[in-house]
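This briefing covers an internal cavity, a helix and a set of paired strands. Please read it alongside the sequence and the coordinates.

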Amino acid sequence: GQPLGPRRLSLKPVPKVPNMEAFLDEALVKVKRQARGCLAPELCFQAVRAATQSPFAEGVRRERELFQVLLSSGQARALQYAFFAERAVRRWATPGGACWSSAAPQPVRRAAVIGLGTMGRGIVTSLVKANIPLVALEQDLENLNKGRKAVMLLLEREAMKMEGGAQMPDFHNLARLQFTVDFDVLRDVDLVIEAVFENMALKKEIFHKLSKICKPGALLCTNTSALNIDEIASATNRPQQVIGTHFFSPAHVMRLLEIIYGRHTSPTAIATAMQLAKALKKVGVVVGNCFGFVGNRMMFPYIQQAVFLLEEGSRPEAVDQVLEDFGFKIGPFRMSDLAGLDVGWRSRKDQGLTGPSLPAGTPARQRHGQRYSPLPDLLCEQGRFGQKTARGWYLYEKAGGRTATPDPWLHNFLSQYRDTHGIQTRFIDQEEILERCLFSLINEGFAILAEGIASGPEHLD
């Protein structure tokens, strides 16, 4: 029987909490760090801050103002676009006339992964989490045992992360996950993913072997990041069953799965790979066959511009800072260190871009008639491969370390390099860094669209 007036929280004065300002300042730093480049988390924070400082009605009004800002922002439009783009890529089509509505996938009851390096381990983990029984194969017992240990460690970690009553499939059960060095075990699998390192001769040898051993309907997938799918398929007697499934590292975390069709790949093979992407809770994107496909092909000019910026006077930490402040989770140099500089080096060697084997008279900073920076090659020659060797573009506390520290040795190395090549150092502002890196990404995207490698801009984005 009491009046409700005094119980209304909105009518009560805002309580004064000690150290509120210090607490809020600390929280803002944290929010800015975790959501770099993103408007919404920061404006949410401002709304909470308003609630601590003003009466209820005023706080609500401020919240509404902030919401209006977000509602009409470019970021809101971009996020809505990204949401629908992720769904649009399920409706794939190829220039040859194959498309999502007319192609039916084959069931995948049992799969296999060949190679238990970094990529293979992540792919095995993804398949186990999706509850697909599989065989993991290595070339010898030493690599097999090393790979098995690493996979088990990954799976234990993933099991600990599972929450809300979600059950991790039993990965100790041999019927669900079997490790072997025997190719003959692959006779009854429905799908094989080859994940050995980027070497055409090795991949062709494996695919030749697979086409003899696997049952006629089995799909043969290659986790290559740049190599020609048609050339790999030429080593088999069933090119229509060969397809690229390019996982991004770390494979059990990254949601993108590039699905690359070759000249002979059947619509059924594409549909099956897309179905697999869905089972693995990944976003499968169907793209055509060219060097680097879409993801890595767009990365080449982006990284290249970042390196040119170093030649002209910038530093790795300055370039990374600008791109991370813009909203990228990780800048180009920290990303290179994470992936390993030796991966790109191996690829450039195969393309005949590096080192002493170049024809005499080749300009030091030109290759194939275009500007080229040998800086990443020179770092690799020094054994600086990134996090795995504790030094790359940055210094790390130990091999495999994660904390990047600017390296005085590198700054010195860059200035010697500029002297050697007679390059005048100049001040490069943030705007130039951002435009040169982003526009090179965007322009390459347009070239990919123009060539028909991707069927729509959503696929690129």
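A cavity here is a set of grid points where a 1.4 Å probe fits but cannot get out, and its lining residues have an atom within 4 Å of a point. The model is predicted, and it holds one cavity of 30 Å³ or more.

**Cavity**
- The largest cavity has a volume of about 50 Å³, and its lining is made up of Val128, Asn131, Ile132, Pro133, Leu134, Pro169, Asp170, Phe171, Arg176 and Leu177.
- Sorted by class, this lining comprises seven nonpolar residues, one polar residue and two charged residues.

**Helix 13**
- In helix 13, which spans residues 341-350, the buried residues are Leu341, Asp342, Trp345 and Arg348; because they cover an arc of only 120° around the axis, they lie on the same side of helix 13.
- The buried residues of helix 13 pack against two other helices, namely helix 12 (332-339) and helix 14 (375-381).
- Gly352, which follows helix 13, has a positive phi, near 70°.

**Strands 6, 7 and 8**
- Five of the six residues of strand 7 (residues 256-261) are buried, so this strand is largely enclosed by the rest of the structure.
- Strand 7 pairs with strand 6 (residues 242-247) in the antiparallel sense over five bridges, and in this pairing Phe247 stands opposite Leu257 of strand 7.
- Strand 7 also pairs with strand 8 (residues 283-287), here in the parallel sense and over five bridges, with Ile260 standing opposite Val287 of strand 8.

Note on methods: Residues are numbered from 1 along each chain as its sequence is written. This is a predicted model: local features need pLDDT of at least 70, side-chain atom pairs count only at pLDDT 80 or more; totals for chains, interfaces and linings use all residues. Side-chain values use heavy atoms; hydrogens and water are left out. On a 1 Å grid over the protein atoms alone, a cavity is a set of points where a 1.4 Å probe fits but cannot get out, and a pocket is an open set with protein on both sides within 12 Å along at least five of seven lines; lining residues have an atom within 4 Å of a point. Grid points are joined across faces, edges and corners, and a volume is the space filled by probe spheres set on the points. Ala, Val, Leu, Ile, Met, Phe, Trp, Tyr, Cys and Pro count as nonpolar, Asp, Glu, Lys and Arg as charged, and the others, Gly among them, as polar. Buried means under 20% relative accessible area, exposed over 50%, partly exposed in between (1.4 Å probe, protein chains only). Helices (H or I, at least four residues) and strands (E, at least two) are DSSP runs, numbered from the N terminus. The arc is that of the directions from the helix axis to the C-beta atoms. Contact means heavy atoms within 4.5 Å. Two strands pair if DSSP finds at least two bridges between them.
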